[in-house]
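I am opening a notebook page for this structure. I will write down each thing I look up.

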Amino acid sequence: RGVFAGGYNALNHIDYVTIASTGNATDFGDLTVGNSMMASCSDDTRGVFAGGFNTLNHIDYITIASTGNATDFGDLTVGRHTAGGTANGTIGVFGGGSAGGALSASIDYITIATTGNAANFGDLTIGRVDPAACSGD
């Protein structure tokens, strides 16, 4: 499955598609709070949505294989929106972003399989907004 959450004007809606076949998206459920400009990552089981324009430090998660509403995961160490997110299948990492007009260089990490607050991973070399992120196992 491919999952899409939130969006402009603080939508709380979550959709999904079956990647193996073409077709329109289907309703998955709702985020705990309407939001936009979130970072995301996943493992084989969970999808995680972090930060965002309306909640800044909030983290939600879903179980990708079953539809339903998101659940509170915990909080980022630094609230922000427009961060980048990536994962290696176990650890999710969120870097950069903006809050209150200031660019963030902060990088947070979570263990995707367990809930709880993010921990500090380190810093980017410079603060930046909307960074692209990718990873390999």
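Which residues is Val 48 in contact with, leaving aside its neighbours within four places in sequence? I note first that the model is predicted. I looked up Val 48 and found contacts with Ala 39, Ser 40 and Cys 41. Val 48 also touches Ile 59, Asp 60 and Tyr 61, and the list ends with Phe 94, Ile 110 and Ile 112.

Next entry: the cores. I found that the largest nonpolar core has 14 residues. Cys 41, Val 48, Ile 59, Leu 76, Phe 94, Ile 110 and Ile 112 are the members that touch the most others. I checked which strands feed this core: β4 (39-42), β5 (46-50) and β6 (58-63) supply at least two residues each. I also noted a second, separate core of 10 residues, with Tyr 16, Met 38, Phe 49 and Ile 64 among them. In soluble globular proteins, nonpolar side chains tend to be buried together.

Next entry: the whole chain. I counted 13 strands and zero helices in the protein chain. The radius of gyration is 14 Å, close to the 14 Å from the globule rule for 137 residues, so the chain is as compact as a globular protein of that length. I wrote down the span of the C-alpha trace along its principal axes as about 40 × 35 × 25 Å. Of the 137 residues, 40% are buried. I looked at contacts between residues at least 6 apart in sequence, and 42% of these join residues at least 24 apart.

Last entry: surface and charge. The protein chain exposes about 7000 Å², and carbon and sulfur atoms supply 50% of that area. I found 4 positive and 12 negative charges, with mean positions 4 Å apart.

Technical notes. Residues numbered from 1 in each chain as written. Predicted model: local features only at pLDDT ≥ 70, side-chain atom pairs only at ≥ 80, totals over all residues. Heavy atoms only, no water. Helix = DSSP H or I, 4+ residues; strand = E, 2+ residues; numbered from the N terminus. Rg over C-alpha atoms; globule rule 2.2 N^0.38 Å. Buried < 20%, exposed > 50% of the residue type's maximum accessible area, 1.4 Å probe, protein only. Contact = heavy atoms within 4.5 Å. Areas by Shrake-Rupley, 256 points an atom, 1.4 Å probe, with all protein chains shown as cover. Lys, Arg positive; Asp, Glu negative; His and termini not counted. Charge placed at Lys NZ, Arg CZ, Asp CG, Glu CD. Core = buried A, V, L, I, M, F, W, Y, C linked by side-chain atoms within 4.5 Å.
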